[in-house]
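Welcome! Take a moment to look over the sequence and turn the model around, and then let us walk through a few parts of it together.

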Amino acid sequence: MASKDTINYINYSKYPIDQFENDVDGKYNYLLQNSIKQMNRDGFVSLPSFLLSDAVDKLTSCILKLEEDGVGFYSTDSHNVFLDADDQSDAMSPLHPRRIQLDSSKLIINASDLLLAKEAQAPNLDELFMSQRSVLNFISSVMQTKLYPSTDPYGKFYANIFREGDGLNYHFDQSEYSISLILQPSEEGGEFQFLPSSRTIVEGWDEMILDIDDIAEAVAPHSLEMKRPKLAAGDLYLFRGQNSLHRVSEITKGKRINIILTFNTEPDVRLNQYTLQKFFGVI
Ligand SMILES: O=C(O)CCC(=O)C(=O)O
Ligand SMILES: [Fe+2]
């Protein structure tokens with residue numbers, strides 16, 4: 001479908017990721033070096049206005065049409081931070097991060113539904129972003145390791161729709177790396193809160209810490225700082241979600257819509273049953 005789509009999606013004049021084999025003016029290398037610096041400094045890369053505004057409008061209207069048609073799974077199950085089964089051994093404190101159940105709710109439209117969504121005229125996200133050499137080459141170069149698109153039929157990419165009262169509590173992703181494409185930020189709340197390279201620290205906690213200020217205090221001695229980037233429609237951010245605690249705070253006004261694309265350092269990685277069941281409604 002993407003080949004028939006006449007819309008351009010990526011703002012190549014600002015982000016010439018397609019010039020990686022022939023960087024005539026050095027702009028590709030400049031972008032890459034800046035992105036590597038940002039990744040090393042902040043633990044994520046944000047590229048404002050990565051999507052062209054027509055593309056944002058088109059993707060947003062497709063997703064809203066699907067929501068209107070009742071496509072998607074509204075997940076309301078609680079989960080732990082690791083998105084993995086609880087350890088039932090008696091030796092583990094009931095307050096251990098693995099044991100603490102966190103509330104989240106959001107509507108997910110999975111990859112399979114997005115690919116089938118002909119009536120909503122959804123573009124083929126596999127072709128647009130997942131298998132595009134320019135995208136794969138760029139994110140692999142930023143991370144300085146070869147990345148492969150996830151092959152999970154539901155979770156390789158998905159749309160998140162957060163309505164008022166929804167939010168996604170603290171967690172580490174199943175996928176090593178994610179790209180988020182912001183289509184519509186919420187009017188209030190819905191902040192992306194992100195603690196880079198924090199997994200081993202949280203794994204070492206005897207008790208889960210929930211208050212964001214208390215987390216900030218607990219990690220300060222490790223020179224870690226909570227990031228709260230301001231994100232706008234069309235922005236891309238690339239982050240290492242598997243080793244960075246993150247959440248989306250409760251949406252208090254408006255609707256927040258984004259698309260997540262997932263990548264790993266190994267080919268053919270799929271989601272675990274826990275995540276499929278809780279967030280995608282797949283049993
Ligand atoms: O919506 C976001 O900004 C992040 C979503 C997220 O962390 C996830 O879907 O795993
Ligand atoms: Fe996540």
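Which residue in S10 does Ile179 stand opposite? The partner is Leu238. Before going further, please keep in mind that this is a predicted model.

That pair is a good way into strand S7, which covers residues 177-184. S7 pairs with strand S10 (residues 236-239) in the antiparallel sense, over 4 bridges. S7 also pairs with S13: 7 bridges join these two, and they too run antiparallel. One place to find this second pairing is Gln184, whose bridge partner in S13 is Ile257. How enclosed is S7 by the rest of the structure? Of its 8 residues, 8 are buried, so the strand is largely enclosed by the rest of the structure.

Now follow the chain to the loop between helix H7 (212-219) and S10, where you will find Ala232. Is Ala232 buried or exposed? It has 12 other C-beta atoms within 10 Å, and a residue counts as exposed at 12 or fewer, so Ala232 is exposed. Leaving aside neighbours within four places in sequence, Ala232 is in contact with Pro48, Ile182 and Pro185. Ile182 takes us back to S7, since that strand spans residues 177-184. As for Leu125, its C-alpha atom lies 20 Å from that of Ala232, and the two residues are 107 apart in sequence.

Another sheet deserves a visit. It is an open sheet of 3 strands, in the order S6-S11-S9, with antiparallel pairing. Its edge strands are S6 (168-171) and S9 (192-195), each of which pairs on one side only. On average, neighbouring strands in this sheet are turned by 5° against each other, direction ignored. Between S6 and S11 there are 2 bridges, and Leu168 stands opposite Val248 in S11.

Those two residues bring us to ligand 1. Leu168 and Val248 are among the residues around it, together with Asn160, Asp173, Ser180, Phe192, His246, Asn258 and Ile260. Which elements give two or more residues to this shell? They are strand S11 (245-248) and strand S13 (256-264). By class, the shell holds 4 nonpolar, 4 polar and 1 charged residues.

Finally, step back to a longer stretch of the chain. In an unreviewed entry, UniProt lists residues 152-267 as "domain: Fe2OG dioxygenase". The C-alpha atoms at the two ends of this span lie 11 Å apart, and the span is 11% helix and 38% strand.

Technical notes
Residues are numbered from 1 along each chain as its sequence is written. Chains are lettered from A and ligands numbered from 1 in the order in which they are written. This is a predicted model: local features need pLDDT of at least 70, side-chain atom pairs count only at pLDDT 80 or more; totals for chains, interfaces and linings use all residues. A residue is near a molecule or strand if its C-beta atom, placed from the backbone, lies within 6 Å of it. Ala, Val, Leu, Ile, Met, Phe, Trp, Tyr, Cys and Pro count as nonpolar, Asp, Glu, Lys and Arg as charged, and the others, Gly among them, as polar. UniProt positions are given in the numbering used here, feature names are shortened, and annotations may be inferred rather than shown by experiment. Two strands pair if DSSP finds at least two bridges between them. Axes are lines fitted to C-alpha atoms, for helices over the stretch in contact, and angles run from 0 to 180 degrees between N-to-C directions. A residue is buried if 20 or more other C-beta atoms lie within 10 Å of its own, exposed if 12 or fewer, and partly exposed in between; C-beta atoms are placed from the backbone. Two residues are in contact if their C-beta atoms, placed from the backbone, lie within 7 Å.
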